[in-house]
Amino acid sequence: MLSNYPAFFYKEQNGEYSVIFPDLNDLATCGSDLDEANRMAVDCLAGYIYSAKLDGRKIPSPSLITALEERRKAESSDAIESFTVMLCVDVEQYAEKHFKKAVKRTVTLPIWLDSLAKERRVNFSQTLQNALADKLGVSLDN
């Protein structure tokens, strides 16, 4: 499912861009140029929505761009230029590619614990994932 949210883009004096999502508690990111700022904004938006869903937080409805234009103009006094765009991201698709990708980690264990776990055919990856999720108070379920 696609998620669409308005984003304020501000071109700063140094040529870099700041991006703010007014509907998402002024969630912000930036980039060294417009392309990077756009990529960072998509990542920021997807990450916010994805983590809110995992945490069971309510996600606010997006505003219409026209309802936000006065605010953007009032907040752009230091910017060389500013504009508002509606950013769109398929959060699930983005999460599959960027957030759910497995990473390989090396761990150090006492030899006796390693031997015992191998003997009992313990799945190290699953055990570590479960322990980390428990320690961090998060669920591995999507």
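Let's start at Asn25. At 69% relative accessibility, Asn25 counts as exposed. This is a predicted model, so please hear every value as computed. Asn25 sits in the loop between β2 and β3. Its phi is near 55°, a positive value in a residue other than glycine.

Now a second residue with that backbone feature. Arg121 is not a glycine, yet its phi is positive, about 55°. Look for Arg121 in the loop between α4 and α5, where α5 covers 124-136. Arg121 is exposed too, with 75% relative accessibility.

Let me step back to the whole chain. How many helices and strands does the chain have? It has 5 helices and 4 strands. In sequence order the pattern reads β-β-β-α-α-β-α-α-α. The C-alpha trace spans about 65 × 35 × 20 Å along its principal axes. The radius of gyration is 21 Å, whereas a compact globule of 142 residues would have one near 14 Å. Of the 142 residues, 28% are buried. Now take contacts between residues at least 6 apart in sequence. Of those, 56% join residues at least 24 apart.

Next, the inside. The largest nonpolar core has 21 residues. Which members touch the most others? They are Phe9, Val19, Phe21, Leu45, Leu87 and Val89. Several elements supply at least two residues each: β1 (2-11), β2, α1 (34-55), β4 (81-90) and α3 (91-98). The top contributor is α1, which gives 9 residues. A separate core of 5 residues lies apart from this one, and its members include Phe8, Ile20, Leu68 and Ala79. As background, nonpolar side chains in soluble globular proteins tend to be buried together.

Stay with Leu45 for a moment. Set aside its neighbours within four places in sequence. Leu45 then contacts Ser3, Tyr5, Phe21, Leu24, Leu87 and Val89. Two of the names there, Phe21 and Leu87, we just met in the core list.

On to strand β3, where we find Thr29. Is Thr29 buried or exposed? Thr29 is buried, because its relative accessible area is 16% and the cut-off for buried is under 20%. Thr29 and Met40 are 11 residues apart in sequence, but their C-alpha atoms are 6.5 Å apart in space. Beyond four places in sequence, Thr29 touches Tyr17, Ser18, Val19, Met40, Ala41 and Cys44.

Now charges. In general, side chains of opposite charge can pair when their charged atoms come close. This structure holds 5 salt bridges. I'll go through three.

One joins Arg57 and Asp55, at 3.5 Å from N to O. Arg57 is partly exposed, at 38% relative accessibility.

Another joins Asp114 and Lys118, at 3.2 Å from N to O. Why can we picture this pair along one helix? Asp114 and Lys118 are 4 residues apart in helix α4, residues 111-119, so about one helical turn separates them. Lys118 is exposed, with a relative accessible area of 54%. Elsewhere, salt bridges with shared partners link Asp26, Arg71 and Glu75 into one network.

The third pair belongs to that network. Arg71 and Glu75 meet at 2.9 Å, N to O. Both are partly exposed: Arg71 has a relative accessible area of 27%, and Glu75 has 39%.

That brings me to my last residue, Asp23. Where is Asp23? It is in the loop between β2 (17-21) and β3 (27-31). Asn25, where we began, is in the loop between β2 and β3 as well. Asp23 is buried, yet it has no salt bridge. How far away is the nearest side chain of opposite charge? That side chain is Arg71, at 6.3 Å. A salt bridge needs the nitrogen and oxygen within 4 Å, so Asp23 and Arg71 do not make one.

What does the Asp23 side chain contact instead? It makes a polar contact with the side chain of Ser63, at 2.6 Å. Leaving out neighbours within four places in sequence, Asp23 is in contact with Tyr5, Pro6, Pro60, Ser61, Pro62, Ser63 and Leu68. Leu68 also appeared earlier, as a member of the 5-residue core. Tyr5 came up too, among the contacts of Leu45.

That's the tour. Happy to take questions.

Methods. Residues are numbered from 1 along each chain as its sequence is written. This is a predicted model: local features need pLDDT of at least 70, side-chain atom pairs count only at pLDDT 80 or more; totals for chains, interfaces and linings use all residues. Side-chain values use heavy atoms; hydrogens and water are left out. Buried means under 20% relative accessible area, exposed over 50%, partly exposed in between (1.4 Å probe, protein chains only). Lys and Arg count as positive and Asp and Glu as negative; His and the chain ends are not counted. A polar contact is a pair of N or O atoms within 3.5 Å; within protein, one must be able to donate a hydrogen and the other to accept it, and residues adjacent in sequence count only if both atoms are side-chain atoms. Contact means heavy atoms within 4.5 Å. A nonpolar core is a set of buried Ala, Val, Leu, Ile, Met, Phe, Trp, Tyr and Cys residues joined through side-chain atoms within 4.5 Å. The radius of gyration is taken over C-alpha atoms; the globule rule is 2.2 Å times the number of residues to the power 0.38.
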